[in-house]
Amino acid sequence: MTVATVINPGLFTTIQDLGRSGKRHLGVPLSGAADPVSYVLANVAAGNPWNAPALECTLKGPVLRFERNVTFALSGADMSATLNNGALHSHQPFDAKKGDLLSLSAAKTGARCYIAFAGGIEGDEFLGSRSTYPPASLGGIGGRAVMENDRLFSAALKAGAGTEIPHALRMSLAHAFVLRATAGPESMLFSNDLQLFFAGKWTAGRRADRMGVQLEGTKMIAEKHVSMASSPVFPGTVQCPSGGTPFLLLADAQTVGGYPRIAQVIGADIHLTGQIRPGDAIWFRKTTYAEAREIGRKKAVLFEGFVPRSCFL
């Protein structure tokens with residue numbers, strides 16, 4: 001059953017869910033929503049299960065024509081959404097009728113907006129997920145971003161009544177991010193510069209996609225060359241290639257890397273990395289493992305009943 005037709009796909013719009021967890025030992029990245037908290041809140045507002053496939057819209061959203069009556073909801077970056085030219089707010093359900101036009105524009109702040117349709121939308125399944133992973137052409141619609149004239153089909157998942165998300169759970173996005181992070185396994189190679197990494201201001205570079213964001217600022221050069229075996233990396237890992245320009249890895253990050261890992265963003269703040277856009281300011285606040293666990297616990301309690309604990313731990 002067709003839910004909507006893509007009139008304009010926007011800049012980069014893909015089908016995402018919570019990804020392929022537990023498959024990294026097979027070399028399969030997590031993928032999934034870059035900002036899983038906003039993604040889940042859109043689903044909750046639409047009355048869906050947490051993991052219902054939805055649209056992730058990057059920097060500029062799509063124009064869709066509804067082909068049936070359906071409830072939908074938005075969350076994440078504000079893309080000045082309208083339904084038949086009437087302004088919409090995020091974090092609450094809306095009822096669209098057949099023929100209605102949903103239009104999203106460029107993001108004012110943040111990078112990604114999520115559109116959840118009651119019942120979810122269908123996508124190619126691979127290893128238990130319908131998330132689009134373009135580097136390997138997996139999931140979604142043929143493993144690619146949506147295109148003009150694509151038809152979005154209902155996943156026919158059981159949906160309940162939509163609900164408005166409490167204001168306390170809505171993320172306020174700006175052009176500056178403070179990410180709490182622990183020192184990485186090779187941080188000792190930067191002993192003279194490690195303090196600068198955690199004290200300095202970084203700027204998100206133009207090399208930014210779902211795999212990672214280049215960080216512009218002080219060069220981070222390892223004090224001595226070491227031959228590193230390929231080692232595990234994760235969303236939130238900050239790697240330092242030999243050129244000294246760090247990369248913050250995101251949802252589509254590879255499973256192993258050969259560059260020193262200077263820091264790891266804590267689980268409770270990983271979702272924020274999906275909203276960073278080129279030009280945004282970033283600070284990393286050094287955090288201990290014990291503090292990271294406590295922050296994750298508190299955040300999970302705050303969102304209990306709305307977002308699964310796995311999004312913070």
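Within strand β19, Ala-263 is the bridge partner of Ala-183; helices (H or I, at least four residues) and strands (E, at least two) are DSSP runs numbered from the N terminus. The contact belongs to an antiparallel pairing of β12 with strand β19 (residues 261-265), which extends over three bridges. Two strands are said to pair if DSSP finds at least two bridges between them. Strand β12 (residues 176-183) is also joined to strand β20 (residues 281-286), here by six bridges and in parallel. In that second pairing, Phe-177 has Ile-282 of β20 as its bridge partner.

The model is predicted, so that local features need pLDDT of at least 70 and side-chain atom pairs count only at pLDDT 80 or more, while totals for chains, interfaces and linings use all residues. Residues are numbered from 1 along each chain as its sequence is written, and side-chain values use heavy atoms, with hydrogens and water left out.

An open sheet of five strands has the order β2-β3-β10-β5-β8, with antiparallel pairing. Its edge strands are β2 and β8 (94-96), each of which pairs on one side only. From one strand to the next, the twist averages 30°; axes are lines fitted to C-alpha atoms, for helices over the stretch in contact, and angles run from 0 to 180 degrees between N-to-C directions. Helix α1 packs on this sheet and touches β2, β3, β5 (70-76) and β10 (112-117), its direction making about 155° with that of β5. Contact here means heavy atoms within 4.5 Å.

The individual pairings can be followed across the sheet. At one edge, five bridges link β2 to strand β3 (residues 54-58) in the antiparallel sense, and Thr-14 has Glu-56 of β3 as its bridge partner. Strand β5 pairs with β10 over five bridges, again antiparallel, with Tyr-114 of β10 as the bridge partner of Ser-75. Strand β5 is also joined to β8 by three antiparallel bridges, and Thr-71 stands opposite Asp-95 of β8. Six of the seven residues of β5 are buried, which leaves the strand mostly covered; buried means under 20% relative accessible area, exposed over 50%, and partly exposed in between (1.4 Å probe, protein chains only). In a regular strand, side chains alternate between the two faces of the sheet.

Helix α1 is likewise mostly covered, eleven of its eleven residues being buried. Among them are Pro-36, Tyr-39, Leu-41 and Asn-43. The buried residues of α1 pack against β2, β3, β5 and β10, and also against α3 (270-273). An α-helix has 3.6 residues a turn, so residues three or four places apart point the same way. Just after α1, Gly-47 takes a positive phi of about 90°.

Most residues other than glycine have a negative phi. Asn-85 departs from this pattern with a positive phi near 75°. Asn-85 lies in the loop between β6 (82-83) and β7 (86-87), and counts as exposed because its relative accessibility is 74%. Ser-137, also not a glycine, has a positive phi of about 55°. This serine, Ser-137, is found in the loop between β10 and β11, and its relative accessible area of 48% makes it partly exposed.

Glu-122 is placed in the loop between β10 and β11 (151-153). With a relative accessible area of 33%, Glu-122 is partly exposed. Although Glu-122 and Gly-140 are 18 residues apart along the chain, their C-alpha atoms are separated by 7.8 Å. Beyond its neighbours within four places in sequence, Glu-122 is in contact with Ile-15, Arg-130, Phe-153, Ser-154 and Ala-155.

On the surface, Leu-26, Phe-126 and Leu-127 form a nonpolar patch with about 250 Å² of accessible area together. Accessible areas come from the Shrake-Rupley method with a 1.4 Å probe; for residues, only the protein chains shown count as cover. Patches are made of residues with over 30% relative accessible area and no salt bridge, like charges being joined within 9 Å and nonpolar side chains (Val, Leu, Ile, Met, Phe, Trp, Tyr) within 5 Å. A salt bridge is a side-chain nitrogen of Lys or Arg within 4 Å of a carboxyl oxygen of Asp or Glu. Leu-26 is located in the loop between β2 (12-16) and α1 (36-46), and its 54% relative accessibility is why Leu-26 counts as exposed.
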